[in-house]
Amino acid sequence: MSLPAKPGNPSPTDLKEPFSRRLFIRFNLCGVAGLFVGTFVQTIRYLIPNVLFEPPRVFSVGTPDRYTEGSVTFLAKHKVFMVHDDRGFHAISSTCTHLGCTVNSAEGGFDCPCHGSKFDPKGQVKKGPAPKPLQWFETRLAENGELVVDTTKTVGQDFSLKLT
Ligand code: FES
């Protein structure tokens with residue numbers, strides 16, 4: 001319970017201005033400080049380059065004994081199929097040439113789950129809408145005895161790494 005104001009003296013509510021000059025200056029200082037902080041943060045952010053980390057395009061896929069003859073092994077991390085057939089080893093891209101979906105190994109080749117393209121075991125288009133065959137990448141044997149796939153170099157479908 002508050003005491004009644006004495007006549008001639010201002011009541012406590014009379015002393016409070018709804019928006020004093022001091023409050024106005026405080027708001028402005030906060031706004032200016034916020035502007036400086038925001039500018040500083042954006043400047044620092046601008047100085048840090050936007051770097052897109054991509055997986056390496058030349059990579060080891062392990063030793064040849066990992067892939068038994070007749071196998072088609074999907075290497076999800078690298079988006080390639082490692083194929084070991086009677087001709088040798090080769091790497092086929094799992095990226096559909098239509099709109100880039102990842103194809104699945106299927107009976108009789110590869111199927112794209114997105115729009116129904118089908119590829120034969122060599123990656124040739126059996127059914128569209130894919131316009132081109134799946135890419136083949138250069139495969140070689142490194143000095144340490146591991147297979148290396150180089151996705152920067154495409155090869156023809158007659159390519160095969162034969163190990164003696
Ligand atoms: S992305 Fe493969 S058929 Fe469209």
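**From helices to strands**

Read from the N terminus, the elements run α-α-β-β-β-β-β-β-β-β-β-β. That makes 2 helices and 10 strands in the chain. The model is a predicted one. Buried residues account for 18% of the 164 residues in the chain. Contacts can also be sorted by sequence separation. Of those between residues at least 6 apart in sequence, 35% join residues at least 24 apart.

Now to the interior. The largest nonpolar core holds 19 residues. Val80, Phe81, Met82, Ala91, Ile92, Val103 and Val149 have the most contacts inside it. Four elements give two or more residues each to this core: strand 3 (80-85), strand 4 (88-93), strand 9 (136-141) and strand 10 (147-155). Strand 3 supplies the largest share, 4 residues.

Ala91 is a good place to look at this core in detail. Which residues is Ala91 in contact with, leaving aside neighbours within four places in sequence? They are Val80, Phe81, Met82, Trp136, Phe137, Thr139 and Val149. Of these partners, Val80, Phe81, Met82 and Val149 are also among the core residues with the most contacts.

Next, a sheet. Strands 5, 6, 7 and 8 form an open sheet of 4 strands, in the order 5-6-7-8. Its pairing is antiparallel. Strand 5 (104-106) and strand 8 (125-127) are the edge strands, and each pairs on one side only. Start at the strand 5 edge. Here 3 bridges join strand 5 to strand 6 (residues 109-111), and the two run antiparallel. Within this pairing, Asn104 stands opposite Asp111 in strand 6.

How values were computed. Residues numbered from 1 in each chain as written. Predicted model: local features only at pLDDT ≥ 70, side-chain atom pairs only at ≥ 80, totals over all residues. Core = buried A, V, L, I, M, F, W, Y, C linked by C-beta atoms within 7 Å. Buried ≥ 20, exposed ≤ 12 C-beta atoms within 10 Å, placed from the backbone. Contact = placed C-beta atoms within 7 Å. Pairing = 2+ DSSP bridges.
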